[in-house]
Amino acid sequence: MNATNTTNTTNATPAAPDAAIAAAEAGRTRIDFARSAPKAFRALIGFDAAAREGLDPALVELIQIRASHLNHCAYCLHMHTNDARKAGESEDRLHMVAVWREARHFFTPKERAALALTEAVTLVADAGVPDDVYTEAAAHFGDQELAQVIALICTINTWNRVALSTAKVAGTDERRS
């Protein structure tokens, strides 16, 4: 039997990424948080800047990427993986952040402690912040740096929630507009 399939929807070419991003952004119907709550937005920017002050930029991005994974925030994940690449982060490490426990050798003990703390704080409603996770983080960070890491975890979780509740589109980045 020689049947010919004239319609092949499984191999359809997706829309060009830039066109798809523009179409998704044009279809957004939710508020622009920065315009609608400028004082809150500026306060969050200030909190974020204060939180990251003095922290290793690579560590900052790892924390933001992991929290964005856990919160399913594609907008922030796209933004922070791009920022990490621009700062020289390797593709291998970026691909391993979501499975860092299984790929421990890609990360330093300090980074692993920060990633574990990021998960505990991000998922705080599940089990609180376990003593062993906190103790491990405290072993790698002094009090001020640990406070900065906790503040950073809080800011990225807030940014994730703003982006998700306002339906921010992955692939756009308002910081550059």
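**Helical architecture, helix H7 and an aromatic cluster**

Among contacts in the protein between residues at least 6 apart in sequence, 69% join residues at least 24 apart. The structure is a predicted model. Its secondary structure consists of 10 helices and zero strands, giving the pattern α-α-α-α-α-α-α-α-α-α along the sequence. Of the 177 residues in the protein, 36% are buried. The accessible surface amounts to about 10,400 Å², and carbon and sulfur atoms account for 57% of this area.

Helix H7 comprises the 14 residues 109-122. At 1.5 Å a residue, a span of 20 Å is expected for H7, and this agrees with the computed separation of its end C-alpha atoms, which are 20 Å apart. The helix is mostly covered, with 12 of its 14 residues buried. The buried set comprises Glu-111, Arg-112, Ala-113, Ala-114, Leu-115, Ala-116, Leu-117, Thr-118, Glu-119, Ala-120, Val-121 and Thr-122. The packing partners of these buried residues are helix H4 (57-71), helix H6 (91-96), helix H8 (124-127), helix H9 (131-140) and helix H10 (143-165).

Aromatic contacts were examined next. Two aromatic pairs are found in a search of the whole structure. In one of them, the ring centres of Phe-33 and Phe-41 lie 6.4 Å apart with their planes at 65°, so the arrangement is edge-to-face. Phe-41 also forms an edge-to-face pair with Trp-159, for which the centre-to-centre distance is 5.6 Å and the angle between the planes is 75°. This pair links distant parts of the chain, since Phe-41 is in helix H3 (residues 38-52) and Trp-159 is in helix H10, 118 residues apart. Through these ring pairs, Phe-33, Phe-41 and Trp-159 are linked into a cluster. With regard to solvent accessibility, Phe-33 has a relative accessibility of 23% and therefore counts as partly exposed. Phe-41 is likewise partly exposed, with a relative accessible area of 22%. Trp-159, at 17% relative accessibility, falls under the 20% cut-off and therefore counts as buried.

On the surface, Val-124, Val-129 and Tyr-134 form a nonpolar patch, and together these residues have about 230 Å² of accessible area. Within this patch, Val-129 is placed in the loop between H8 and H9. The relative accessibility of Val-129 is 32%, so this residue counts as partly exposed.

Conventions
Residues are numbered from 1 along each chain as its sequence is written. This is a predicted model: local features need pLDDT of at least 70, side-chain atom pairs count only at pLDDT 80 or more; totals for chains, interfaces and linings use all residues. Side-chain values use heavy atoms; hydrogens and water are left out. Helices (H or I, at least four residues) and strands (E, at least two) are DSSP runs, numbered from the N terminus. The expected span of a helix is 1.5 Å times one less than its number of residues. Buried means under 20% relative accessible area, exposed over 50%, partly exposed in between (1.4 Å probe, protein chains only). Contact means heavy atoms within 4.5 Å. Accessible areas come from the Shrake-Rupley method with a 1.4 Å probe; for residues, only the protein chains shown count as cover. Patches are made of residues with over 30% relative accessible area and no salt bridge: like charges are joined within 9 Å, nonpolar side chains (Val, Leu, Ile, Met, Phe, Trp, Tyr) within 5 Å. A salt bridge is a side-chain nitrogen of Lys or Arg within 4 Å of a carboxyl oxygen of Asp or Glu. Rings of Phe, Tyr and Trp (its six-membered ring) pair if their centres lie within 6.5 Å; planes under 30 degrees apart count as stacked, over 60 as edge-to-face and the rest as tilted.
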